[in-house]
Each structure stands twice: as structure tokens, then as C-alpha cells.
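Morning, everyone. I have one structure to go through today, so let me put it on the screen.

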Amino acid sequence: MNRDLKNKCAFFLASLVAVSFSAAAQPAFAELIDGDLAEEQVKEKEEMRDMRKEMGDINSTIDDAMDELDALGKKISNRQNAKEFHLFARESDWETYKGSTVRCLTYNGKIPGPPITVTEGDFVKIVLHNQMKTPTSLQFHGLITPHTVGGIPRTGGGLVAPNETFVYQFIAKQAGTFWYHPQLVHPNQKQLGMFGAIVVNPKVRSRPYDQDITLIFSELRKTPGGSGGTAGGATTHRVTATRAGATPGRSTTVSSEDVQTKSGGHNYTATAWTTGSTPPDVETDYLINGRPAPGIAPIELRKGQRVRMRLINAGQESVPIQLSGHKLEIVSQNGGDRLEPHVYRDTICLFPSDRVDVDITADNPGVWSFASESAHQSTHKGRFPGGMACVVRYSELKGRPGQPPMTEMEQ
Ligand SMILES: [Cu+2]
């Protein structure tokens with residue numbers, strides 16, 4: 001027991017000594033630790049300095065890369081082989097039926113606007129000149145473009161103020177049939193006549209055809225008046241202009257005082273609306289490539305030809321189109337998707353904004369109707385043909401030997 005006690009005491013003393021010793025040794029340890037810390041801090045500082053230097057290097061590399069990209073962009077935009085198109089958005093008088101002229105909004109004075117035909121992989125430069133009184137924009141419907149080209153239009157990004165110009169640049173990556181028109185933030189302009197076709201030919205054509213025909217279907221709503229007097233009662237019918245989207249529920253017309261003062265001889269004014277209700281005194285012209293029947297030139301084929309028809313619905317209504325005597329072989333729908341196996345239809349319903357590419361074989365000579373099955377779209381004042389109706393014709397005679405097929409639209 002005594003030994004135990006002794007041991008305990010010894011242990012206690014030893015502990016005391018140890019405690020006092022460690023207390024005495026504390027400054028030395030602290031110095032040691034401080035020294036380590038200091039060393040580590042120095043190291044950290046060095047590392048931080050290195051990192052900052054690295055960041056600086058990275059930043060300058062990024063700056064260099066951005067400069068290079070910028071230079072490359074400038075180089076590309078100045079590329080000699082860029083396919084360049086100029087669209088002038090402006091008010092124009094457009095004749096639909098003979099003697100019936102409509103004040104519209106157009107590209108380059110025409111409905112439809114000029115076709116944009118390029119080849120897959122082309123660098124495309126489209127210069128839009130806004131000669132209208134309202135802002136406008138462009139959508140390249142169906143084409144995958146960078147945000148700077150196809151995003152919601154904004155200042156410096158595709159929104160073009162009156163009297164301004166904007167350059168849209170992109171690489172046409174998809175082959176197929178597309179179309180252009182103002183973006184939906186300008187919902188009336190398309191209805192008033194602003195649209196056109198974009199055809200991107202493939203680099204390598206999978207199947208040959210002899211003719212390449214683009215047909216754009218649209219309707220043009222119009223109210224009498226605005227010219228200063230060629231149509232009966234025109235001067236008494238004053239059309240009020242509203243800005244795009246400013247007055248929901250009202251029709252929007254192409255122009256205002258301008259229509260009254262310019263005497264372009266038009267007797268109608270194009271009218272658009274977004275509510276679905278039809279304003280009174282509106283007439284609708286149904287058009288193929290800007291013209292109604294019977295003013296549409298016949299489509300002339302030759303026996304044995306294969307014909308590519310690109311059907312585009314640029315209007316607000318669905319169009320059930322039918323070609324008699326032939327099968328329509330659908331090769332593509334809404335751009336680029338080469339459908340396999342191809343499907344055959346006798347009637348094709350084009351919903352608004354649909355593009356359907358069909359091939360036909362001219363193997364049944366005669367005079368054929370290519371028209372909308374909706375009577376109100378293919379008649380005028382109760383008579384066929386009017387509106388969306390045209391003739392496809394060819395004789396028994398084959399094309400003369402040595403005579404090349406008509407339009408090989410490869411550029
Ligand atoms: Cu569109």
C-alpha cells in the first residue's frame with residue numbers, strides 16, 4: 001500500500017514537473033510554431049503570387065484569343081466568297097388582280113421578296129435596309145443561326161430602326177427550304193407582304209432533278225381606300241394606321257397619312273390583324289408567288305422531267321394544295337430533314353409557316369390544275385380559277401436531244 005502511495009506521489013510530482021517544464025518550454029514551442037507559420041505564409045504568398053501571375057498570363061492569353069477571334073470575324077465578314085444579299089424593307093404598291101393595286105410592305109418592292117439561294121456551308125451576309133417608318137427585324141425561319149442573328153431582336157442585335165441598316169451574317173449549315181420574314185415582335189409586317197424564300201442547296205445532291213421551282217402561298221387582306229381615288233369610294237374610306245401591337249383588337253394598316261398624300265394609284269391598303277376577328281369591308285387575295293389566278297404564269301414542264309417543288313406557306317391560313325394527274329413525293333418537310341422513305345400524297349396541307357419539298361415526275365402529259373382545295377382560296381368572286389390556282393402543262397414531246405434541262409439551280 002505504501003509503495004502504491006509512493007508511486008502515486010511520484011507520479012503526481014512528475015506530472016507537476018512535466019507541467020511546469022512544458023509551461024517553461026512554451027515560448028520555445030511558440031517560436032517554433034510561429035516559424036513554421038511564417039514559412040507557410042511565405043510559401044502561400046509565393047503561391048498566390050504565382051497564381052496571380054498565371055491568371056495574368058491566362059487573361060492575356062484570353063485577350064490575345066479574343067483579338068484573334070475579332071480579327072478572324074473581320075476577315076470572315078470581309079470574305080470575298082460571302083454570298084451577299086440586300087433587302088430593302090419599304091412600302092410599295094403591289095398589283096394583285098388587274099387594276100387592283102394594294103399598298104403593302106415589301107422587300108425590294110416585290111411580293112415575295114427576292115429569293116436567297118445559297119449552298120450548304122456558304123457564308124451568308126444579308127443586309128437589311130429599313131426604309132419604312134417603323135422598326136423591323138429579320139427571322140431566317142428554320143435556319144440555325146447564332147443568337148446575334150436569330151435571337152429576339154434588340155438594339156444592335158437585329159432590331160433595325162427606320163432609315164437604319166443591319167448586317168446579318170451566318171453560315172448556312174443546313175440544306176433545305178427555309179424562308180425569311182420580320183420576327184414575331186413585328187407581327188403585322190409579314191401579313192402586309194414581307195417575306196421571301198431561302199433555298200440552301202446541298203453540297204452533294206442526293207438525287208438529280210431538272211427543274212427547281214419555289215412556290216410561296218400567302219394571302220393579302222386589304223381594305224378599299226387610300227389612293228386618292230382610283231377605286232370607287234376609295235377617298236371616302238380613310239384607313240387609320242396603328243403601330244404594330246399598339247392597339248390589340250384593331251386591324252393594322254400599312255401606312256397612314258403617307259397613303260393619303262402619295263398618289264401611287266393604289267386603290268386598296270393591306271390590312272393585318274392579330275385577334276382572329278375579321279374587320280368589316282376586308283377582302284382577301286390568295287396569292288402564289290405574289291399573284292392570284294388567273295394572273296399566274298403556267299408551270300411549263302417537259303415530258304420525262306423530274307421537278308423539285310418547294311412549297312412554302314407564308315400566310316396565316318392552312319392551304320390544302322393538290323396537283324391533279326401526278327403523285328407528289330414528299331422529300332422534305334420543314335427544312336433539311338430528308339425523309340426516307342419518301343411518302344407519296346395527292347394533296348398536301350400546308351399549315352402556316354410549313355415548307356414541304358415535293359418531287360414530281362412529268363409522266364402524264366396534259367394541262368393540269370395545281371390549286372388549293374379550299375374553294376374560297378382558289379376562286380375569285382365565285383369563279384375558278386382565282387387566288388391560289390395555277391396550271392401545270394407539258395406535251396407528249398420530250399425535250400429535244402442536246403437541249404439541257406432547264407434550271408439546275410446549283411450555284
Ligand atoms: Cu417564321
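Before I start on the strands, a word on pairing: I call two strands paired if DSSP finds at least two bridges between them. A strand here is a DSSP run of E with at least two residues, and the numbering goes from the N terminus. Keep in mind that this is a predicted model.

With that in place, take F217, whose bridge partner in β16 is N313. The two strands involved are β11 and β16, the latter covering residues 306-313, and they pair in the parallel sense over 7 bridges. F217 also stands opposite I288 in β14. That pairing, between β11 and β14 (residues 283-288), is antiparallel and runs over 6 bridges.

There is a further partner for β11, namely β13, residues 268-272, again antiparallel, over 3 bridges. Here K222 has A270 in β13 as its bridge partner.

Is β11 enclosed or not enclosed by the rest of the structure? Largely enclosed, because 10 of its 14 residues, in the run 211-224, are buried. For the whole protein chain, 33% of the 411 residues count as buried.

Now the core. As a general point, nonpolar side chains in soluble globular proteins tend to be buried together. In this model the largest nonpolar core has 70 residues. Which residues have the most contacts inside that core? They are L128, W179, I198 and F217. So F217 of the β11 pairings comes up again, as one of the residues with the most contacts in the core by the definition of buried nonpolar residues joined through C-beta atoms within 7 Å.

W179 is worth a look on its own. Leaving out residues up to four places away in sequence, W179 touches H141, F195, G196, A197, I198, I312, A314 and R355. I198 is in that list, and I198 is also among the core residues I just named.

Next, a sheet. This is an open sheet of 5 strands with mixed pairing, in the order β15-β23-β22-β17-β20. Its edge strands, each pairing on one side only, are β15 at 299-300 and β20 at 347-350. Within the sheet, β17 (residues 319-323) and β22 (residues 366-372) pair in the antiparallel sense over 3 bridges. L323 stands opposite F370 in β22.

To finish, the overall numbers. The protein chain has 5 helices and 23 strands. Of its contacts with a separation of 6 or more, 74% are between residues 24 or more positions apart.

That is what I have.

Note on methods: Residues are numbered from 1 along each chain as its sequence is written. This is a predicted model: local features need pLDDT of at least 70, side-chain atom pairs count only at pLDDT 80 or more; totals for chains, interfaces and linings use all residues. Helices (H or I, at least four residues) and strands (E, at least two) are DSSP runs, numbered from the N terminus. A residue is buried if 20 or more other C-beta atoms lie within 10 Å of its own, exposed if 12 or fewer, and partly exposed in between; C-beta atoms are placed from the backbone. Two residues are in contact if their C-beta atoms, placed from the backbone, lie within 7 Å.
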